[in-house]
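Q: I have a structure open on my screen and would like to learn how to read its features. Could you take me through some of them?

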Amino acid sequence: MIKIISLFVCLFASCQLLAADKILRVNDFSDPNASYAIKMLKLAIAHSDNPNYQLEISHENFTQTRTNEEVRSKGLLDVCWASSDSDIEAQLRPIRIPLFKGLLGYRIFIINKNDQAKFSHVKTLEELKKLTIGQGRTWADGRILEANGFNVIKTNKYPSLFYMVEGGRFDAFPRGVNEPFGELETRPNMELAVEKSLMLYYRMPFYLFVAPDNQSLAKDLETGFARAIANGEFDKVFYGDKAIQDVMQKANMKNRKLFKLDNPLLSKETPVDRPELWFDPQTLSDADQQTAAADLNTSAANNN
């Protein structure tokens, strides 16, 4: 009898371990891209060979550096997301599918609403470089901008950047074109606006990351994304996302003066030769956008 009880205890413990292996811990504190990244994570899981992962979402006040370390060491987190470069890819294992199809590489500026004239007079890249730029201290974007000759002022906390640009600590806070409209909606009392005429571009993938030795999870996510891209579900989520739709409606990307920059931090493994993974605002028609959004809404309605 004791042997039977012991067997059941062992089986129960094994089941508990298997269940624990299926929990994916992520953190979404103070991150405007968190809800979209989690949506894409769920999409990859749903299309993987192991769709029973359960997400456990925390709201800890972690910096990006702390978040990366918790994933790398298999501490409190299993998955994170970030703009990628060779440094972070040396620490963590990237899932090399750009979640925003490279859209974050198109950068427009949050500025003090009284400063538009500074930017309206800019005609050349050299003139733009005379203005100061704000960035997070650990962000890859800051290093890219510095490599291209910009004067970059950095801070540790993402929320501080809005107060700093409002207060004149720097002239502009570059954001991926999908980011600033929602960010300003949540800060209606600040003296901020989206700059109207200029846009930067550099190749900037935004990936999910896992621990370097977490091969099984990496494989599941890569398989899930491959299937979602092949059957069109990835693009449906992308074009159907409210923030992306805001970009199409508000950013006026085709009519902005575009300055192309080099990204010396880009990993050699970046899938630049796969055009289906990258967004091109010059080739996308209004009909394409509307069709993708309609398909997503239909799919959501059918799942309810």
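A: Happily. Keep in mind that this is a predicted model. Let's begin with a pair of helices: α2 passes α11 in a right-handed crossing. On the α2 side the contact is made by Y36, K39, M40 and L43, and on the α11 side by E233, F234, V237 and F238.

Q: What kinds of residues, by class, make up the contact of α2 with α11?

A: Sorted by class, that contact has six nonpolar residues, two charged residues and no polar ones.

Q: At what angle do α2 and α11 pack, and how far apart are their axes?

A: The angle is about 160°, and the axes are 11 Å apart. In this model α2 covers residues 34–46 and α11 covers residues 233–240. Angles over 145 degrees count as roughly antiparallel, and α2 and α11 are therefore roughly antiparallel to each other.

Q: How does α2 pack with α10: at what angle, and with what distance between the axes?

A: Here the angle is about 90°, with the axes 7 Å apart; α10 spans residues 215–230. Angles from 65 to 115 degrees count as roughly perpendicular, so α2 is roughly perpendicular to α10. To find this contact on your screen, pick out M40, L41, L43, A44 and I45 of α2, together with D220, L221, G224, F225 and A228 of α10. By class, the contact has eight nonpolar residues, one polar and one charged.

Q: Let's turn to charged pairs. How many salt bridges does a search of the whole structure find?

A: The search finds 22 salt bridges. When you read one, look at the distance between the nitrogen and the oxygen, then at where each partner sits. Take D78 and R25, whose side chains meet in a salt bridge at 2.9 Å, N to O. D78 lies in the loop between α3 (64–72) and β3 (80–83), and R25 in strand β1 (residues 23–27), so the pair ties together parts that are 53 residues apart in sequence.

Q: Are D78 and R25 buried, partly exposed or exposed?

A: A residue counts as buried under 20% relative accessible area and as exposed over 50%, with partly exposed in between. D78 has a relative accessible area of 13%, so D78 is buried. R25, with 22%, is partly exposed.

Q: Which residue forms a salt bridge with D49?

A: The partner is R227, and the closest N and O atoms are 2.8 Å apart. This pair links distant parts of the chain: D49 is in the loop between α2 and β2 (54–58), while R227 is in helix α10, 178 residues apart. R227 is partly exposed, with a relative accessible area of 36%.

Q: Where do D171 and K118 lie, and how far apart are the closest N and O atoms of their salt bridge?

A: The closest N and O atoms of D171 and K118 are 2.7 Å apart. D171 is in the loop between α8 (160–166) and β8 (173–176), and K118 is in helix α5 (residues 116–120), so this salt bridge ties together parts that are 53 residues apart in sequence. D171 counts as buried at 12% relative accessibility, whereas K118 counts as partly exposed at 38%.

Q: Which residues are linked in a network of salt bridges?

A: Look for D85, D87 and R143, which are linked in such a network.

Q: What can I learn from a single residue such as S86, starting with where S86 is found?

A: S86 is found in helix α4 (residues 86–91). S86 is partly exposed, with a relative accessible area of 37%. Next, check for partners from elsewhere in the sequence: leaving aside its neighbours within four places, S86 is in contact with L265 and S267. The C-alpha atoms of S86 and L265 are separated by 5.7 Å, although these residues are 179 apart along the chain.

Q: Finally, what should I look for in backbone phi angles, and what is phi of K101?

A: Most residues other than glycine have a negative phi. Phi of K101 is near 55°, a positive value. K101 is found in the loop between β4 (93–95) and β5 (106–112), and counts as buried at 4% relative accessibility. N252 also has a positive phi, near 55°. N252 lies in the loop between α12 (242–250) and β12 (257–260), and is partly exposed, with a relative accessible area of 38%.

How values were computed
Residues are numbered from 1 along each chain as its sequence is written. This is a predicted model: local features need pLDDT of at least 70, side-chain atom pairs count only at pLDDT 80 or more; totals for chains, interfaces and linings use all residues. Side-chain values use heavy atoms; hydrogens and water are left out. Axes are lines fitted to C-alpha atoms, for helices over the stretch in contact, and angles run from 0 to 180 degrees between N-to-C directions. Helices (H or I, at least four residues) and strands (E, at least two) are DSSP runs, numbered from the N terminus. Angles under 35 degrees count as roughly parallel, over 145 as roughly antiparallel, 65 to 115 as roughly perpendicular and the rest as oblique. A crossing is left-handed if the near helix is turned anticlockwise from the far one by less than a right angle, and right-handed if clockwise. Contact means heavy atoms within 4.5 Å. Ala, Val, Leu, Ile, Met, Phe, Trp, Tyr, Cys and Pro count as nonpolar, Asp, Glu, Lys and Arg as charged, and the others, Gly among them, as polar. Buried means under 20% relative accessible area, exposed over 50%, partly exposed in between (1.4 Å probe, protein chains only). A salt bridge is a side-chain nitrogen of Lys or Arg within 4 Å of a carboxyl oxygen of Asp or Glu.
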